Amino acid sequence: MNKFRTDSVRLFACIVEKAALTGTDPVHYCFEQIAMRFDQFLGRRHAKHNDPQRGLMLFDESSTEKRLQTLAREFKYQGHSYGKTRNYAEVPVFLDSKATRLIQLADLVAFSIFRHFEHNDDQYFNLIKHRFDEEGGVQHGFHVLRAQTNSSIQPQEANVFVAAPIVKSE
């Protein structure tokens, strides 16, 4: 990933300790965070750089496929907690990770995040931490929600969803 230009790859991730979301579906929460943050990134690209791109979120095949596609449609037409999504080309696409390198890349990003939180191992995370969407010193692309400020996320409680859009180079 270090061969890409600094502004050519932006990552988005949501890490949640389930105990922080009592009564709330962590899949819904994380998808809403990622969808909203990616949509805002695309909106900023359009407003500040006259770059009217439409986004596409690719996910590894999973049991949440129909649920996430339904949520994406709801976010577009009815809205979510922060408004409506406006910059997507399509509902999320689900692919077999064996069939595409982009999904394998997202799996590697998710693994590095998991190692960072679960095992305090920054070896891989340090390679990608500067790729999370950021503007003006504010990091938009990396959202962490913990039940307590000093708690650690346990492996069975980690819900990591990663969208790794590749933005065209200018």
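**Exercise 1. The chain as a whole**

What percentage of the 170 residues in the chain is buried? Then describe the chain's fold pattern and its contacts.

*Solution.*
- The structure is a predicted model.
- Step 1: buried residues account for 43% of the 170 residues.
- Step 2: count the elements. The chain holds four helices and seven strands.
- Step 3: put them in sequence order. The pattern reads β-α-β-α-β-α-α-β-β-β-β.
- Step 4: check the contact range. Take contacts between residues at least 6 apart in sequence; 76% of them join residues at least 24 apart.
- Step 5: turn to the surface. The chain exposes about 9600 Å², and carbon and sulfur atoms supply 48% of that area.

**Exercise 2. Helix H1**

Compare the reach of helix H1 with the expected span, and describe what lies at its start and what follows it.

*Solution.*
- Step 1: set the limits. H1 runs over residues 26–49, which is 24 residues.
- Step 2: compare lengths. From first C-alpha to last, H1 reaches 34 Å, close to the 34 Å expected at 1.5 Å a residue.
- Step 3: look at cover. Of the 24 residues in H1, 17 are buried, so the helix is mostly covered, since buried means under 20% relative accessible area.
- Step 4: inspect the start. A side-chain oxygen of Asp25 comes within 3.2 Å of the backbone nitrogen of Val27.
- Step 5: inspect what comes after. Asn50 follows H1 and has a positive phi, near 50°.

**Exercise 3. Salt bridges across the sequence**

Which parts of the chain does the salt bridge between Asp25 and Arg67 tie together? Trace the bridges of Asp133 and Lys48 as well.

*Solution.*
- Side chains of opposite charge can pair when their charged atoms come close.
- Step 1: get the total. The count comes to seven salt bridges, with a cut-off of 4 Å.
- Step 2: take Asp25 and Arg67. Their side chains meet at 2.6 Å, N to O. Asp25 sits in the loop between S1 and H1, and Arg67 in helix H2 (residues 65–77), so the pair ties together parts 42 residues apart in sequence. Asp25 is partly exposed at 32% relative accessible area. Arg67 is also partly exposed, at 38%.
- Step 3: take Asp133 and Arg10. The closest N and O atoms are 4.0 Å apart. Asp133 is in the loop between helix H4 (125–128) and strand S4 (134–135), while Arg10 is in the segment before strand S1 (12–17), so this bridge ties together parts 123 residues apart in sequence. Both residues, Asp133 and Arg10, are buried.
- Step 4: take Lys48 and Glu135. Their closest N and O atoms are 3.1 Å apart. Lys48 belongs to helix H1 and Glu135 to strand S4, 87 residues apart. Lys48 is exposed at 53%, whereas Glu135 is partly exposed at 26%.
- Step 5: connect the bridges. Through shared partners, Arg10, Arg44, Lys48, Asp133 and Glu135 join into one network.

**Exercise 4. Two neighbours in helix H3**

Ser112 and Phe111: is each of them buried or partly exposed?

*Solution.*
- Step 1: place both. Phe111 lies in helix H3 (residues 101–118), and Ser112 is in H3 too.
- Step 2: read off the accessibility. Phe111 has a relative accessible area of 42%, so Phe111 is partly exposed. Ser112 has 2%, so Ser112 is buried.
- Step 3: list partners for Ser112. Beyond its neighbours within four places in sequence, Ser112 is in contact with Tyr124, Phe125 and Ile128.
- Step 4: follow Phe111 to the surface. Phe111, Tyr124 and Leu127 form a nonpolar patch there, with about 290 Å² of accessible area together.

Note on methods. Residues are numbered from 1 along each chain as its sequence is written. This is a predicted model: local features need pLDDT of at least 70, side-chain atom pairs count only at pLDDT 80 or more; totals for chains, interfaces and linings use all residues. Side-chain values use heavy atoms; hydrogens and water are left out. Patches are made of residues with over 30% relative accessible area and no salt bridge: like charges are joined within 9 Å, nonpolar side chains (Val, Leu, Ile, Met, Phe, Trp, Tyr) within 5 Å. Accessible areas come from the Shrake-Rupley method with a 1.4 Å probe; for residues, only the protein chains shown count as cover. Helices (H or I, at least four residues) and strands (E, at least two) are DSSP runs, numbered from the N terminus. Buried means under 20% relative accessible area, exposed over 50%, partly exposed in between (1.4 Å probe, protein chains only). The expected span of a helix is 1.5 Å times one less than its number of residues. A polar contact is a pair of N or O atoms within 3.5 Å; within protein, one must be able to donate a hydrogen and the other to accept it, and residues adjacent in sequence count only if both atoms are side-chain atoms. Contact means heavy atoms within 4.5 Å.
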